[in-house]
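Visitor: I have not seen this one before. Could you put it up and walk me through it?

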Amino acid sequence: MGVDEYQRENDELVMNFLKRTFFRGWRENIPNWNRIELFIDYVCNQDCVYCYLARHGSELYPPEARSDPKRLLNNAKMLIDWLVENNFVPNIDIFSGEPTVKPVFYEIVRYIVDRYKDMDRKPDVVVPTNYTFLLSDALTRKVEDLLMYGLKHGVRIFLSASVDGKYCEKNRPLRARPELDPRDDRFYDKMFRFNKKWGFGFHPMIYADYIDVWKLNFLWFQENFKKYGIPFWNIYLLEVRNPEWKPKQLREFGEFIKFLVYYTYNVILGGSKSKFIDFLFRLKGYNILNPFSRVGRGIGCSLQSMLYVRIGDLKIVPCHRTSYKHLELAEFVVKDGRIVGIRAINPELMIAIFTFDAENFPYCEQCPIKHICSHGCLGAQYEFTGDLFTPFPTLCQLELTKIVNLVEALRDIGVLETVRSIVAPEVRSDIDNVVRLFIKR
Amino acid sequence: MGLELIEACEVLTSGWCPLRCVYCYIPKSDKMKKLHADIVRMLYDGRIFLMLPKNIRSIGLWGTEPTLTMKIIENNLDKIKECLPRLERIDFSTNMMMPPEIIVSLIRKADEVGINVSFQVSLDGPEWITDSNRGKGVTRRIVNNLRKFINLINNVKLSINVSMRWKPTLAIGNVREMNRHPELIHEYYHFFDKLTDELKSMCRNDKLEIINSSAPTLVVPGKYTSSDGKELAKFFRYLADNRYPNAYVFRALRVFRYRNELYKVRMFTCSGGDSNIGFDGRCIHICHRTFYYNNPEYVESILDMPEYQNWDVSHFRRGSINNINKFYIVDANDEFNIARFQYVMRGYHDFWKLKLSITYTLIKELAAAGQVSSVYLHDDKMAEMLSLFINTALSCPMENLLNTGSIHIPTISLIRVFGNGAFEIIVDEVRRYGGR
């Protein structure tokens with residue numbers, strides 16, 4: 001009995017949970033449990049002002065665990081072997097401080113392709129990158145070779161551009177010699193051409209600093225989308241849910257939300273209500289304009305649909321923004337160079353993380369817009385409050401600003417009733433709360 | 001301090017203890033004596049009492065063993081009463097190993113300034129249990145000191161109220177032992193009944209109340225397995241069949257009796273970080289549980305020791321100490337972080353849904369894995385009630401934080417130990433006592 005038995009039961013509990021969730025999802029491609037993230041590194045060639053890796057990287061990823069590329073590659077290989085041996089075919093995210101400048105990234109992705117190329121079903125590989133590889137012709141060739149290699153063997157590799165845009169890129173300075181930033185119009189031309197060629201999207205972050213120029217920035221994106229033949233909706237906008245938003249910035253943000261609605265409706269869609277509804281629900285409304293669709297999980301982000309593995313030490317963590325030592329969930333057990341099991345570290349937190357509903361968070365529990373709020377990022381909440389599940393007041397202000405301005409704009413263009421008629425009852429009730437409580441008639 | 005709503009404060013008053021009880025939550029190292037000396041210096045200085053929230057009505061003397069520094073508290077009582085005009089009570093837990101004159105002397109002084117005194121004696125039961133948990137010869141010494149205490153207090157004329165009760169704690173090993181030899185259970189309760197009767201018959205001071213709180217509590221949260229849970233159920237069944245008092249039945253009864261007031265969450269959660277805080281002279285804590293954690297020398301000394309020398313230092317290894325120091329031990333002069341701390345703790349004490357829903361899920365998962373009774377798989381109401389029980393009768397945001405990284409998530413150890421029959425017996429007992 002005692003501690004050994006305690007550990008054995010914890011391991012069994014975790015395995016039982018994973019078998020019914022991720023393991024099944026990876027075998028049967030069940031959407032809510034079908035992803036895995038290989039968290040490779042936290043070091044980046046950019047020093048973005050809002051980035052948690054820039055602020056807390058060494059707490060989130062033990063520096064000794066990332067220092068040896070051979071170890072990273074070996075661990076990644078062991079993990080991929082384990083997936084393949086168990087007939088697991090999850091979609092795979094590769095997350096790192098900029099991956100494309102690290103040789104180990106290419107080796108890992110090639111290994112994924114090699115191991116899955118002969119299987120009937122193959123994973124998609126998704127890689128967020130800041131696109132600085134475009135500054136080097138050699139690196140660009142290397143990235144394209146990798147993409148081609150995947151295509152050749154039926155493994156689709158998707159890059160997603162973490163680029164905030166010409167007018168907001170000042171939030172994302174290069175780490176070395178930022179005063180000599182070579183990202184000029186030529187660079188951006190390359191970026192749009194590259195994404196047009198490969199069909200990749202953009203996911204700029206909307207941050208408090210430079211929020212006043214986001215309208216201009218958005219128009220710049222649209223101008224280039226038009227120039228390169230990229231669909232106008234191919235941009236995923238996400239507000240940085242950090243605590244530093246000031247009242248003036250919140251007002252600017254609210255105005256920007258309204259601008260997005262009016263511009264899209266009037267200019268892009270020519271005042272067509274049906275096209276706008278289609279844009280909102282089928283084309284996802286740039287992400288930021290559609291808080292109305294339910295995701296079937298407890299939170300909108302990928303936290304509950306992805307198993308996050310820190311490759312340096314093969315620890316399972318809640319996500320890449322919450323991988324602090326005391327929040328580690330479990331670890332892969334390695335014997336003779338192979339993964340032979342999973343050892344529970346914090347089974348309580350693991351089950352809580354994968355099953356909570358953000359509507360039950362303290363304070364959110366009684367909020368009139370809890371069904372349409374994007375809710376906080378657990379990492380940002382932890383950084384500010386010391387608790388993963390406690391939203392902080394400026395986050396609530398940010399989200400309320402977004403929702404109120406959005407609902408008001410939808411009412412102004414005459415589609416609010418249609419939206420109300422489409423959405424789930426609890427969402428409709430929240431929309432009505434917004435109108436009654438926050439919008440003057 | 002900006003803590004006007006705080007009504008009680010647990011003050012750090014000691015850092016060393018002559019005993020090494022097997023289940024003590026404070027890991028011990030040879031740095032404890034230095035730690036203790038630093039605390040003594042701080043208490044002599046007396047400024048600590050000036051820093052306490054002005055509205056408090058109760059002070060708890062915490063740390064290791066409060067009688068070690070009780071004389072200093074006594075010497076400061078005038079000052080304490082002066083700066084805390086609403087103070088009504090001092091309470092503490094003692095191992096009763098020091099001469100009882102110390103406690104009597106404090107009571108005399110408390111009487112002078114008009115503050116009631118309440119204390120509990122850490123006595124786990126007869127020799128075979130107390131000596132085994134706390135050290136050889138401890139039981140005899142405690143009992144002798146209790147007799148001496150009564151003789152001394154008989155000669156003190158009091159206008160304040162003094163209460164004394166037992167605080168028995170059982171390790172799961174004790175439970176197993178009693179299950180193997182049920183006559184020991186009778187012996188256990190008989191020991192407390194006899195001792196209480198003897199002391200009551202000796203006592204001539206009508207201001208002293210001796211409370212026979214013999215119902216044991218379990219070491220929590222522990223690292224319990226489903227097998228431990230079955231042992232606890234067996235033990236509870238025996239208590240129920242023989243009408244012995246069970247502390248957890250009383251706790252559950254309270255929840256059932258006041259169920260119409262469940263919307264007042266804080267009425268049912270532990271007071272730590274709500275109406276009560278810990279204070280170490282410089283920083284506030286959720287409660288006494290994290291005293292010493294902000295002393296790097298002490299933490300290092302524990303980390304340097306072989307793990308087996310202390311009961312449980314696993315949270316020291318998991319980075320929890322850094323997390324607690326960063327967010328849950330707050331400088332008493334740092335207004336921003338005190339506001340943040342209170343905001344986060346209000347999330348625990350004013351809202352139900354997150355903790356109840358997470359606990360419910362944990363119960364269901366444990367049932368699916370066969371680690372708690374299958375009743376929780378099929379009977380959702382029972383699962384809901386167990387979740388409520390865990391978050392009320394066993395509410396402890398501090399242990400949650402230490403073990404799971406969040407004040408809102410309880411340990412599966414607690415669910416296992418109560419979810420293998422024990423809670424079902426509690427529910428039956430609550431019905432017997434008239435709850436529905």
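Visitor: What is the mean pLDDT of chain B?
Guide: The mean is 94, and 98% of the residues of chain B reach 70 or more. pLDDT is the predictor's confidence in each residue, from 0 to 100. The model as a whole scores ipTM 0.96 and pTM 0.96.

Visitor: Any ground rules?
Guide: This is a predicted model, in which local features need pLDDT of at least 70 and side-chain atom pairs count only at pLDDT 80 or more, while totals for chains, interfaces and linings use all residues. Residues are numbered from 1 along each chain as its sequence is written, chains are lettered from A and ligands numbered from 1 in the order in which they are written, and side-chain values use heavy atoms, with hydrogens and water left out.

Visitor: OK, the interface. How many residues does the contact take from each chain?
Guide: The contact (heavy atoms within 4.5 Å) takes 45 residues from chain B and 43 residues from chain A. About 3700 Å² is buried between the two chains, 60% of it on carbon and sulfur atoms. Buried area here is the accessible area (1.4 Å probe) that two parts lose on being put together, summed over both.

Visitor: And how many salt bridges between chain B and chain A?
Guide: The count is three. A salt bridge is a side-chain nitrogen of Lys or Arg within 4 Å of a carboxyl oxygen of Asp or Glu. One links K326(B) and E59(A), with the closest N and O atoms 3.7 Å apart.

Visitor: Which helix gives the most to the side of chain B that touches chain A?
Guide: That is α15(B), with nine residues. Helices (H or I, at least four residues) and strands (E, at least two) are DSSP runs, numbered from the N terminus.

Visitor: Changing topic: S96(A). Buried or exposed?
Guide: S96(A) is buried, at a relative accessible area of 9%. Buried means under 20% relative accessible area, exposed over 50%, partly exposed in between (1.4 Å probe, protein chains only). S96(A) lies in the loop between β2 (91-95) and α5 (103-116) of chain A.

Visitor: Which side chain does S96(A) join in a polar contact?
Guide: The side chain of K102(A), at 3.1 Å. A polar contact is a pair of N or O atoms within 3.5 Å; within protein, one must be able to donate a hydrogen and the other to accept it, and residues adjacent in sequence count only if both atoms are side-chain atoms.

Visitor: What salt bridge does K102(A) make?
Guide: K102(A) meets D41(A) in a salt bridge of 3.1 Å, N to O. The two sit in distant parts of the chain, 61 residues apart. K102(A) counts as buried at 13% relative accessibility, and so does D41(A) at 3%.

Visitor: Now the sheet in chain A. What is the strand order?
Guide: Nine strands form an open sheet in the order β5-β4-β3-β2-β1-β8-β9-β10-β11, with mixed pairing. The edge strands are β5 (201-202) and β11 (338-344) of chain A, each pairing on one side only. Two strands pair if DSSP finds at least two bridges between them.

Visitor: Do β3(A) and β4(A) run parallel or antiparallel?
Guide: Parallel, joined by five bridges. V125(A) stands opposite I157(A) in β4(A). Four of the five residues of β4(A) are buried.

Visitor: And β8(A) with β9(A): parallel or antiparallel?
Guide: Antiparallel, over three bridges. R310(A) stands opposite K315(A) in β9(A). Both belong to a network of salt bridges that also links D313(A), K325(A) and E328(A).
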